[in-house]
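Ready to practise reading a protein structure? Have a look at the sequence and the 3D view, and keep both open while you work.

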Number of protein chains: 2
Amino acid sequence: MSTITETSLQHELLVDLQLKSWTTHVSRITQLLNLLSDEALAREIAPGKNTGTYILGHLVAVNDGMRKLMGLGTSLYPQYTEPFVTSSDKSGNQFPAITELKKAWTHVNDELAKGFQGMRLSDWLDRHTSVSAEDFAREPHRNKLNIVISRTSHLAYHLGQLVLLK
Amino acid sequence: MSTITETSLQHELLVDLQLKSWTTHVSRITQLLNLLSDEALAREIAPGKNTGTYILGHLVAVNDGMRKLMGLGTSLYPQYTEPFVTSSDKSGNQFPAITELKKAWTHVNDELAKGFQGMRLSDWLDRHTSVSAEDFAREPHRNKLNIVISRTSHLAYHLGQLVLLK
């Protein structure tokens with residue numbers, strides 16, 4: 001830690017601010033999931049709209065997709081992409097049991113947290129894996145931190161829906 | 001601009017990432033508001049839950065509150081705090097006309113955008129007005145950028161609800 005300067009502390013602070021927001025949203029959703037019965041979670045958030053089950057599976061699949069985008073590993077639940085990202089809730093897919101989805105939610109987020117811990121500032125500012133080096137030179141905002149920023153909003157968006165099941 | 005170094009560019013990038021997310025969410029809500037009829041916006045997002053009207057007023061009031069928190073000025077719509085923040089939707093308050101709420105939405109966000117444009121990195125990293133200098137010394141994350149981070153999530157949260165009115 002001897003090389004820390006005021007500048008690097010500011011950098012870390014800027015990254016930490018966003019990571020705190022990510023962690024807060026993961027926690028808020030976990031707390032809500034603990035509060036909701038399986039029956040409540042299986043309901044539609046509003047008549048004819050997505051069920052809590054679908055939204056939970058969707059959040060698992062999208063967060064799981066961050067592993068590859070951020071160079072942290074391969075998908076832990078590749079089988080969730082088709083029913084929860086490619087298809088809509090009303091496509092007639094058979095969903096995994098809610099217990100399994102809840103386990104996957106915890107697993108995916110725990111693994112992401114481990115991956116985040118190993119990242120240095122230069123990693124956060126590096127391009128994510130779906131942008132080419134050439135494009136990244138022109139668009140430096142397409143970095144890994146931006147994935148966390150957009151996925152935090154994604155969590156908040158669906159949290160606003162899941163609370164309707166309370 | 002002659003003093004720009006790689007470090008300050010990185011700093012600006014980190015702040016810009018978050019501002020882009022803020023602007024994107026304001027735009028997405030504006031687009032949705034343009035799409036929804038007044039009748040649709042006056043509906044409850046789910047049976048017994050908040051109406052679109054209330055959520056819109058709430059977003060105006062909360063965004064308006066950022067002016068003071070960020071040292072950008074005083075509230076433009078102080079009369080919105082009571083019905084849209086202090087009180088719940090079902091408190092029996094008379095709400096302003098939707099046309100007026102939509103105008104206020106645009107006005108508040110336009111004024112915030114102007115204020116943001118005038119802020120330098122040191123301003124973003126400075127404490128917001130509801131934290132004391134002493135507390136800020138211990139908790140440097142309680143800065144103005146963090147207000148934008150939390151309020152961006154707040155927009156995303158309610159956007160996830162407003163889309164149910166489509």
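Four exercises follow, each with a worked solution.

This is a predicted model, in which local features need pLDDT of at least 70, side-chain atom pairs count only at pLDDT 80 or more, and totals for chains, interfaces and linings use all residues. Residues are numbered from 1 along each chain as its sequence is written, chains are lettered from A and ligands numbered from 1 in the order in which they are written, and side-chain values use heavy atoms, with hydrogens and water left out.

**Exercise 1. Describe how chain A and chain B meet.**

Step 1: start with contacts, meaning heavy atoms within 4.5 Å. On chain A, 33 residues touch 33 residues of chain B.

Step 2: look at the area. The size of an interface is often given as the accessible area lost when the parts come together. Here about 2700 Å² is buried between chain A and chain B, and carbon and sulfur atoms give 72% of that (buried area is the accessible area, with a 1.4 Å probe, that two parts lose on being put together, summed over both). A:Leu14, A:Leu17 and A:Tyr157 supply 23% of what chain A buries against chain B, more than any other three residues.

Step 3: find the elements. Helix H1 (6-35) and helix H8 (144-162) of chain A are the ones giving two or more residues to the side that touches chain B (helices are DSSP runs of H or I, at least four residues, numbered from the N terminus). H1(A) gives the most, with 12 residues.

Step 4: check for salt bridges, where a side-chain nitrogen of Lys or Arg lies within 4 Å of a carboxyl oxygen of Asp or Glu. Between chain A and chain B the count is zero.

**Exercise 2. Work out what surrounds B:His58.**

Step 1: place the residue. B:His58 sits in helix H3 (residues 52-69) of chain B.

Step 2: is B:His58 buried or exposed? It counts as buried, at 15% relative accessibility (buried means under 20% relative accessible area, exposed over 50%, partly exposed in between, with a 1.4 Å probe and protein chains only).

Step 3: list the partners. Leaving aside neighbours within four places in sequence, B:His58 is in contact with B:Phe84, B:Val85, B:His154 and B:His158.

Step 4: pick out two of them. The B:His58 side chain reaches the backbone oxygen of B:Phe84 at 2.8 Å. A polar contact of 3.0 Å joins the side chains of B:His58 and B:His154 (a polar contact is a pair of N or O atoms within 3.5 Å; within protein, one must be able to donate a hydrogen and the other to accept it, and residues adjacent in sequence count only if both atoms are side-chain atoms).

**Exercise 3. Compare the salt bridges of A:Lys102 and A:Arg138.**

Step 1: A:Lys102 pairs with A:Asp38, with the closest N and O atoms 3.7 Å apart. A:Lys102 lies in helix H5 and A:Asp38 in helix H2 (residues 38-41) of chain A, so the pair ties together parts 64 residues apart in sequence.

Step 2: A:Arg138 pairs with A:Asp135, and here the closest N and O atoms are 2.5 Å apart. Both lie in helix H7 (residues 133-138) of chain A, three residues apart, about one turn of the helix.

Step 3: add accessibility. A:Lys102 is partly exposed at 22%, whereas A:Arg138 is exposed at 61%.

**Exercise 4. Place A:Gly71.**

Step 1: A:Gly71 is in the loop between H3 and H4 of chain A.

Step 2: with a relative accessible area of 53%, A:Gly71 is exposed.
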